[in-house]
Amino acid sequence: MISDPDVVGLLYLVTIACFIVALKFLSSPRHARKGNWVGGAGMLVAIATTLLLEGLENWALMVVGLAIGTVVGLVGARTVRMTAMPQMVAIFNGVGGGAAALVALAEWHNAVELGSDETVSIVLSALIGSISFAGSAVAFAKLQELVSGRPIVFPGQNVVNVLVLLGAAALGVAAIAGAEDQWLLYGLIGLALAFGVMFVLPIGGADMPVVISLLNAFTGLAASATGFVLDSTVLIVSGMLVGAAGTLLTLLMAKAMNRSIANVLFGAFGQVQTAAVGGARADDGRTVRATSPEDVAVQLSFARKVIVAPGYGMAVAQAQHDVRQLADLLEERGVDVKYAIHPVAGRMPGHMNVLLAEANVPYTQLSEMDEINPEFPQTDVVLVIGANDVTNPAARHDTASPIYGMPILDVDKAASIVVMKRSMNPGFAGIDNELYLDPKTTMLFGDAKDSVLKLIAAVKAT
């Protein structure tokens with residue numbers, strides 16, 4: 001057992017240092033794996049130190065909880081498909097917020113006398129943690145397609161949300177003012193859970209990267225508030241690190257879409273709209289042109305430079321390994337192959353990086369949007385695999401478009417564009433993509449994985 005407070009403080013300082021170093025490593029895909037190991041080591045030190053503190057009781061319950069959490073975490077992490085990683089991130093994040101709310105509830109129930117500072121921390125932990133838990137659960141359900149990924153709205157929804165949040169805040173103020181009735185915190189948590197659900201329901205699937213980042217920040221803040229409740233410095237600091245990182249990432253994601261946070265959260269972005277491009281034909285007579293794997297294989301085989309623009313469609317089809325195989329085949333023929341990564345492609349920050357890294361695509365071939373956009377005019381062929389809104393030229397000029405002003409991948413500036421897509425259905429923004437009517441664009445319809453496999457066979461036969 002550890003009884004010396006200086007030793008405890010030193011061990012917790014090691015944990016905090018590990019978390020900071022881990023964040024630094026996680027800023028680059030090249031060092032992300034190392035960052036995970038460093039962060040995991042820091043968490044292991046924190047858990048071991050806490051369990052060895054003098055005076056702890058209920059060891060049996062802690063061991064049972066530790067065993068359950070370890071099994072769930074290991075099994076979940078080892079069995080989850082890379083395409084389902086956003087769902088896992090959402091639900092694990094929600095569990096953190098729920099844990100913070102439960103700790104607050106336990107402290108409120110067990111305390112004989114609470115100071116004002118402790119009460120404020122308990123209220124904030126319960127409020128923010130419950131919102132994060134419920135919101136993350138809805139985000140998980142949307143990503144898992146248990147509920148519609150489109151915005152779910154009803155008249156006066158924002159007004160109802162505000163009233164529910166004000167009700168929760170009023171109960172929190174009553175608790176801080178000195179009322180210690182048990183029902184106050186139960187009522188606060190109930191209203192916060194309802195707000196979390198209604199808060200995420202009207203947000204469309206296209207905005208899930210922003211929502212996940214924001215809810216992650218909420219969980220960090222809830223954990224930090226719990227640290228004040230438990231008088232735990234390491235929990236306070238680590239929670240604030242998560243909160244700050246999540247907030248910064250949220251702002252960066254919103255900037256990448258050229259939208260305000262308020263518009264993301266309250267704009268019901270993603271409702272199906274009637275666009276100017278009427279399905280497969282435009283008013284000026286342009287039509288969508290379908291192509292075959294054999295024709296695309298000829299284009300790719302004799303190209304000097306090819307850029308792959310991946311999107312959620314590639315993730316759904318689990319085509320990343322086959323895309324890597326196709327790229328290797330082209331490189332053997334002297335073709336320069338790169339990957340264009342849009343900041344919000346997929347359903348979580350860095351989703352495309354994670355998928356391609358899992359397929360062992362070299363980091364040197366992954367190029368961020370600002371880096372790759374100047375190269376499109378010198379590119380012979382662009383393969384757009386399941387990416388929709390992030391390649392739509394309407395974002396540049398159509399002021400009526402909901403994605404107007406959003407930075408996009410300039411794939412339309414390449415000499416030739418091949419779009420691999422199941423159908424002409426719009427993306428999560430609910431609008432048609434002008435790129436599909438570009439005279440330089442051809443459509444290879446079908447499941448992305450099947451299409452890539454056919455391309456591989458056709459390239460080999462060319």
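**Close-up views of a predicted protein model**

**View 1. Helix α13, residues 320–332, has the span expected of its 13 residues.** At 1.5 Å a residue, α13 should span 18 Å, and its end C-alpha atoms lie 19 Å apart, which agrees. The expected span of a helix is 1.5 Å times one less than its number of residues. Helices here are DSSP runs of H or I with at least four residues, strands are runs of E with at least two, and both are numbered from the N terminus. This is a predicted model, in which local features need pLDDT of at least 70, side-chain atom pairs count only at pLDDT 80 or more, and totals for chains, interfaces and linings use all residues. Residues are numbered from 1 along each chain as its sequence is written, and side-chain values use heavy atoms, with hydrogens and water left out. The buried residues of α13 are Gln320, Asp322, Val323, Arg324, Leu326, Ala327, Leu329 and Leu330. Buried means under 20% relative accessible area, exposed means over 50%, and partly exposed lies in between (1.4 Å probe, protein chains only). An α-helix has 3.6 residues a turn, so residues three or four places apart point the same way.

**View 2. Two residues with positive phi flank helix α13.** Glutamine 318 sits in the loop between α12 (312–317) and α13. Its phi is positive, about 55 degrees, although glutamine 318 is not a glycine. Glutamine 318 counts as partly exposed, because its relative accessibility is 32%. Just after α13 comes glycine 334, with a positive phi of about 90 degrees.

**View 3. Serine 301 is a buried residue of helix α11 (residues 293–301).** Its relative accessible area is 11%. Serine 301 touches Leu330, Arg333, Val335, Val459 and Thr462, leaving aside residues up to four places away in sequence. Contact means heavy atoms within 4.5 Å. One of these partners, Leu330, is also among the buried residues of α13. Aspartate 207 is 94 residues from serine 301 along the chain, and their C-alpha atoms are separated by 37 Å.

**View 4. Aspartate 231 lies in the loop between α8 (208–230) and α9 (233–256).** Aspartate 231 has a positive phi, near 55 degrees, and is a residue other than glycine. Aspartate 231 counts as exposed, because its relative accessibility is 71%. Beyond this loop, α9 has 24 residues and reaches 34 Å from its first C-alpha to its last, close to the 34 Å expected at 1.5 Å a residue. Buried residues of α9 include Val234, Ile236, Ser238, Gly239, Gly243 and Gly246. Thr250, Met253, Ala254 and Ala256 are buried in α9 as well.

**View 5. Helix α7 covers residues 182–200.** Its 19 residues should span 27 Å at 1.5 Å a residue, and the end C-alpha atoms are 28 Å apart, which agrees. Leu184, Leu185, Leu188, Ile189 and Ala192 are among the buried residues of α7. Phe195, Gly196, Met198, Phe199 and Val200 are buried too.

**View 6. Lysine 421 belongs to strand β5.** Lysine 421 counts as buried, because its relative accessibility is 13%. Lysine 421 touches Asn388, Tyr436, Met443, Leu444, Phe445 and Gly446, again without residues up to four places away in sequence.

**View 7. Leucine 437 sits in the loop between β5 (417–421) and β6 (441–445).** Leucine 437 is buried, with a relative accessible area of 1%. Arginine 289 is 148 residues away from leucine 437 in sequence, yet the two are 7.9 Å apart in space, C-alpha to C-alpha.

**View 8. Asparagine 58 occupies the loop between α2 (32–51) and α3 (59–79).** Asparagine 58 is exposed, with a relative accessible area of 53%. Asparagine 58 and leucine 409 are 351 residues apart in sequence and 56 Å apart in space, C-alpha to C-alpha.

**View 9. The whole protein has 17 helices and six strands.** Its radius of gyration, taken over C-alpha atoms, is 25 Å, close to the 23 Å that the globule rule gives for 462 residues, so the protein is as compact as a globular protein of that length. The globule rule is 2.2 Å times the number of residues to the power 0.38. The C-alpha atoms fill a box of roughly 75 × 50 × 35 Å, taken along the principal axes. Buried residues make up 48% of the 462 residues. Of the contacts with a separation of 6 or more, 77% join residues 24 or more positions apart.
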